[in-house]
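Please open the structure in your viewer and set the side chains to be drawn as sticks, so that you can follow the stops of this tour one after another.

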Amino acid sequence: MRKWEDIPASEITDLALFLRRREFLRSAAAGAAGLLASACGSADPAVAAAPARGEPITGVRPGPAAFGTDEPPNRFADAASYNNFYEFGTDKSDPAKYAHSLRTKPWSVAIEGEVAKPGVVPLETLLAPHPLEERVYRLRCVEAWSMVVPWIGFPLGDLLARFEPTSKAKYVAFETLHDPEQMPGQRRRVLDWPYREALRMDEAMHPLTILAVGMYGHVLPNQNGAPLRLVVPWKYGFKSIKSIVRIRLRETQPPTSWNASAPREYGFLSNVNPEVDHPRWSQKKERRLGEFRRRPTLPFNGYAEHVAGLYAGIDLRKHF
Amino acid sequence: METRRLQRLLPAAVVGLACVPALALAVRALRGSLGANPVETLTHETGEWTLRFLLACLAVTPLRRSLRWPGLAPYRRTFGLLAFAYACLHFSTWLMLDLAFDLTQVLEDVVERPYITAGFGGFLLLCPLALTSTRGWQRRLGRRWLALHRLAYAAGVLGVLHFLWLVKADLREPLVYASVLAGLLLARALRLGRTP
């Protein structure tokens, strides 16, 4: 304990400050609490501003029982706030935040290439002849997470049949809207815009493959690929192209965006396959959102009985 | 309050502030507001703070020298230990919450996935640095202490590679860290700020 005469004058607290020390401590504590509070409140769209549902869709009948699953769907808030849609930013929370700038009306789809009846068709005309079904599908992302989503749509094959593909049609190519003004993420060349995807003709005609216009009983939110998207449940999620503006039937294999971006990592077929790892991470397991432990990934995302036959005799390690 | 008293409180205040990200994550975890993939959010954010504190640690000496600010010196250890603390949080989130202690998966990942090899290697390098961070060890090791602690740069490089290699396509964020690290390495190599 120092003697009072050893304490230098410079260390004596100013009386005014001394009397206000409690105030100082209070404001320091308040400052720290404020900092903590704002750090806690940081970006979580699922809680902060629950994503809005689109208009309800009525007259939806259940899909074929064979394609269903009794696994519980994920929460709508998760499906609509955790998205890979780089056209609106590369963070999972970006599409929910920024996709409001997408104008989904009016919308047309160009059907072209190896078809007898090509045309640019307004969306309502395109959809009119197709009764809508609910399809509860697993969606497995190449990043090794997955969700169960109750889509509303109809088989792609039914649509293609209307336009009468010619005998030369071996592949179906899809394109997303390219408009950096509506899709700010396209201002950076993270990928080569517009986003492109494609299927073999037999994959496109398969009854599992659907074009979706809604989910969870409502119209698709923008961040989920409104107003029209593809869902191919036995392939990695990036094949399920969103916000489609063009469908072209071709004789030769079309380019696809992720394959063009990193051909060693993303193939054309991109079937869900636990035996074939991504070069940088394993595909053996996945995190089903909402579950604690990872679960084993199933061949063809659990749709093997319906689609494995399409690939009989193909080396799926080579054609990943 | 007197400058000297403030100066004594400053290190504590810095550490207090440095704990805010971890506390915020804990609060968000309890409230269920970590988003749709909470484990990913936790892993990612603890990883980012590890890198930030590691780079802050590596920046202390160049800043101290070029700004002629001796008061910065003690913060080299503060930031280094904070980086280690966040690295432990990051590693244990991955081990416990992501892999659920599946040690075969851990081994497979460390051996077969370059980005995890880099991350794990970086973490391992930080361990002896954390253990020998005290003045006692500085004395015990003498000149060898300095040589050992140069491994902090290697840990930085491995951390940045870890981030670069795990990103799917958007390299913007990892490249920011990479350029800061490159700048610090350059400053080191050029011996900036040292009086001749």
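Begin by selecting A:Arg188 and B:Asp170, which in this predicted model form a salt bridge whose closest N and O atoms are 2.9 Å apart. This pair crosses between chains: A:Arg188 sits in the loop between strand S6 (171-176) and strand S7 (196-200) of chain A, while B:Asp170 belongs to the loop between helix H8 (151-166) and helix H9 (172-189) of chain B. Are the two partners buried or exposed? A:Arg188 counts as partly exposed because its relative accessibility is 29%, whereas B:Asp170, at 12% relative accessibility, counts as buried.

Next, select A:Arg189 and A:Asp192, whose side chains meet in a salt bridge with an N to O distance of 2.3 Å. Here A:Arg189 has a relative accessibility of 68% and therefore counts as exposed, while A:Asp192, at 44%, counts as partly exposed.

Now move to A:Glu291 and A:Arg295, where another salt bridge joins the side chains, with 2.8 Å from N to O. A:Glu291 is partly exposed, with a relative accessible area of 32%, and A:Arg295, with 23%, is partly exposed as well. Keep these two selected and add A:Glu71, A:Arg138, A:Arg140, A:Glu286 and A:Arg288, since salt bridges that share partners join these residues with A:Glu291 and A:Arg295 into one network.

Finally, show the whole structure again: how many salt bridges does a search over all chains find? The search finds 33 of them, and the pairs visited here, including the one between A:Arg188 and B:Asp170, can serve as starting points for looking at others.

Definitions and conventions. Residues numbered from 1 in each chain as written. Chains lettered and ligands numbered in written order. Predicted model: local features only at pLDDT ≥ 70, side-chain atom pairs only at ≥ 80, totals over all residues. Heavy atoms only, no water. Salt bridge = Lys/Arg side-chain N within 4 Å of Asp/Glu carboxyl O. Helix = DSSP H or I, 4+ residues; strand = E, 2+ residues; numbered from the N terminus. Buried < 20%, exposed > 50% of the residue type's maximum accessible area, 1.4 Å probe, protein only.
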